[in-house]
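Here are a few exercises to help you find your way around a new structure. Try each task yourself before you read the solution.

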Amino acid sequence: MGKRKVAALEKIEADLAGLQYKIRKDPEAYEKEFIENWQQFDAAHEKFLAAPVGADSNSLITFREQIDLIAHCAELYPQITATFPDALKDVLTKHHAVLEPTLREKIVSSLTLLRRKDVIDSNYLLTTLFPILISTPSKSLRMILYQKILSDIRNTNTKTTNHRVNRTMQTVLYNLVTSDRTSPKALWAVKLVRELWRRQIWTDARTVDIMRQACLAENEKVIVGGARFFLGGDKEREEFEDESSDEESVDIKKVKHSIEINKKTKKSKKALDRAVDRVKRQERKKNAPHPLNFSALHLLQDPQGFSENLFEKHLQNSKSKLALESKLLVLQLVTRLVGLHKLTVISLYSWFIKHLTPKQPSASSFLASLAQGTHNMVPPDAIEPLIQKIANEFVSEASASEVCSAGLNAIREICARQPLAMNETLLQDLVEYRKSKDKGVMMAAKGLLSLYREKGADMLRKKDRGKDATMGLKSGDLKQVKFGEEQVGEIEGLELLAKWKEEQKKRKQAEQGLPEGAEKAEGEEEDGWNSDDWEVASTDSSDSGEWIRVSDSEDEAEPGPDTKRQKVGPEDAEGDDKENEGAETIDFMKLATTQILTPADLAKLRELRMEANIDKAMGGRKRKQELEARHIDEGLTAEQIEAPSKLRKSTKEERIALAKEGKPDREEHKSTQAIRKSKKDAEGKSSTNKEKARRKNFMMTLGKAKSKQKRSLVTTRNILKNHIERSKSGGRRRNGISR
């Protein structure tokens, strides 16, 4: 066979690769050769600039290889290659539209290589690549540039946050979005910011401000990108964090086992070292303090002005040409801001009137947006007409069951946020739908009923109030919420501790034989300073583990004249019941304001909280109250509005599809053993020694069987003895305890 002829270009390529290796090994010895190649590059560069389109393929290949050589060795000769980055930038900036794809890609990768070798800084690279990204018509080049820019920003912020580079890049992106609001170029700014936010590289208010300006643009794609960032950016960030933590999980035991069994090589040892480093890094991440990742909606500087501008520009403006899906996204963002920050945009609620009909496309999305845009600071007069409109349009006997249940559920979600928007007549009418034969309508009406049993039981008929609400109204525990009223912050579970202390006090009184509700005599003081009961008081105070309370005021120590009264007349029973019912509240406020909790009290408080959480998990009453406030930080979706309509009885086809879900088809039906085997094969596991012995050819086992028959008793004993010793030490490979 004759020797293959090597082309001239292949020789040049081989020579340049060999020269690159030699230069990197001994730069001083090969400086002359490098200067010669630099001069050749300089000549080829000038020739290319003179005629960028008419260059032949051979000269382009030579030019590309010379760029590669100089890029790899540029840091060794900084004075000679000082103009090299500017030359590459000049070629790429001026002629990126007409460059050959391979040469163009080589120039981009060479600039990135120079950045990795610290020949150029990050600002130089980003300011070179980003203008080309937003102007080039080549899709392949755009994807390369996007990945290079993203990876460079990520690498720059790996060890510490590089504020200078981040500020420069954020300013460029902000100017791109605000300079021309109709241009689609701002879409690249949106893509970059969303990806960097998802990777938790940019998490500051300046990043959020760029997306705020994107939402106020006039290009539909840019608006949608900005709205999706605010509505789903935090969820994307959490999902990416979960994915990255799953990818990093390594089973060291499995790696060690494979190294012990297989041939020991340097590669396997390096794999083990990498796995150990990764696990250590994972442990450091777990023990590290969790960063404060604020939501993008919380980092907005002026949510009131932003929501008003969005509403006026994209929704209220009749000249807006946004599609229905885009309008719904903007509407969800506006209502989410209003509900989260408790803003006041009165014109928003009157705008909803024309869209609240079952014939409206995506009607459930409008209902969900209205519900999440409602809060307790919205005037009830602004929402009451909307509830009336929903009731008239959606909730009627002539409406379909899905429409009726969606309307009732929407009313319930609105009233959960602003209970004062409902009037008594309409509520009593809507509650009657709990007798409907359709399960979805019935459950939606019952949900509305249970809501008002807690929020406004006095608006219901007596027969609809239920036992707890009726008792709460009589005792005064259930009070009508006033407009703008806010709950005072308090220690969680403190009322449970006050109630427990009251029960302990009553139990002690019963043990001492005192009648229930009786107080001590006038000569006795609460602190136990009476000489007759000194021993008893000191024993009680030491047993209880509580601190002795010392009162500074004399009025507090003196009981009132009414406290001695133990017999109560029938005419005063009702008044005393009210006083006793309010005692718990008084004790709770007294405990919160006048006493210091001891370590024993705090331990009991934790125990009572745990019991309350268990009751809540088992379906206690407080679980309902949490469900009412579940959308304070989370948005409401159309699926949640339509949820009651899905409670209908499923058809036979739906039940069959549900049963088949996750199961193999009949063509792929396998036995349990076959499924287990295929699972093993997929995981890359081998069969056991027993399985291999079972599959061995019978003729190959005959010799061993015959030799076993000819063994003497002494040989058999020794073999069994060795077998027992081997099993104790972990088999033939000594994988267990060594001898």
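**Exercise 1.** Is Q200 buried, partly exposed or exposed?

*Solution.* Keep in mind that this is a predicted model. Start with the number: Q200 has a relative accessible area of 27%. Buried means under 20% and exposed means over 50%, so a value in between counts as partly exposed. That makes Q200 partly exposed. Next, find its spot: Q200 sits in the loop between α9 and α10 (205-215). Finally, check the backbone: Q200 isn't a glycine, yet its phi is positive, at about 60°.

**Exercise 2.** Now do S362: where does this residue sit, in terms of α16 and α17?

*Solution.* Look at the loop between α16 (346-351) and α17 (363-372), and there you'll find S362. Its phi is positive too, near 55°, and S362 is a residue other than glycine. With a relative accessible area of 35%, S362 is partly exposed.

**Exercise 3.** Work out what kind of aromatic pair W197 and F229 form.

*Solution.* A search of the whole structure turns up 13 aromatic pairs. In the one made by W197 and F229, the ring centres are 5.3 Å apart and the planes meet at 75°. Planes over 60 degrees apart count as edge-to-face, so that's the label here. Now trace the chain: W197 belongs to helix α9 (residues 186-198) and F229 to helix α11 (residues 220-248), so the pair links distant parts of the chain, 32 residues apart. As for cover, W197 is buried at 1% relative accessibility, and F229 is buried at 1% as well.

**Exercise 4.** Which helices does the pair of F230 and F306 link?

*Solution.* First the geometry: F230 and F306 are 5.8 Å apart centre to centre, with 50° between the planes, which is a tilted pair. Then the helices: F230 is in α11 and F306 is in α14 (residues 303-315), with their positions 76 residues apart in the chain. Last, the surface: F230 has 1% relative accessibility and counts as buried, while F306 is buried with a relative accessible area of 1%.

**Exercise 5.** Which residues do ring pairs link into a cluster?

*Solution.* Follow the ring pairs and you get W38, F41, F48, F63 and F84.

**Exercise 6.** Find the patch of positive charge on the surface.

*Solution.* Pick out K266, K267, K270, R274, R278 and R281, which gather there. Take K270 as a sample: this lysine lies in helix α13 (residues 266-287). Its relative accessible area is 54%, so K270 is exposed.

How values were computed:
Residues are numbered from 1 along each chain as its sequence is written. This is a predicted model: local features need pLDDT of at least 70, side-chain atom pairs count only at pLDDT 80 or more; totals for chains, interfaces and linings use all residues. Side-chain values use heavy atoms; hydrogens and water are left out. Patches are made of residues with over 30% relative accessible area and no salt bridge: like charges are joined within 9 Å, nonpolar side chains (Val, Leu, Ile, Met, Phe, Trp, Tyr) within 5 Å. Accessible areas come from the Shrake-Rupley method with a 1.4 Å probe; for residues, only the protein chains shown count as cover. A salt bridge is a side-chain nitrogen of Lys or Arg within 4 Å of a carboxyl oxygen of Asp or Glu. Lys and Arg count as positive and Asp and Glu as negative; His and the chain ends are not counted. The place of a charge is taken as NZ of Lys, CZ of Arg, CG of Asp or CD of Glu. Helices (H or I, at least four residues) and strands (E, at least two) are DSSP runs, numbered from the N terminus. Buried means under 20% relative accessible area, exposed over 50%, partly exposed in between (1.4 Å probe, protein chains only). Rings of Phe, Tyr and Trp (its six-membered ring) pair if their centres lie within 6.5 Å; planes under 30 degrees apart count as stacked, over 60 as edge-to-face and the rest as tilted.
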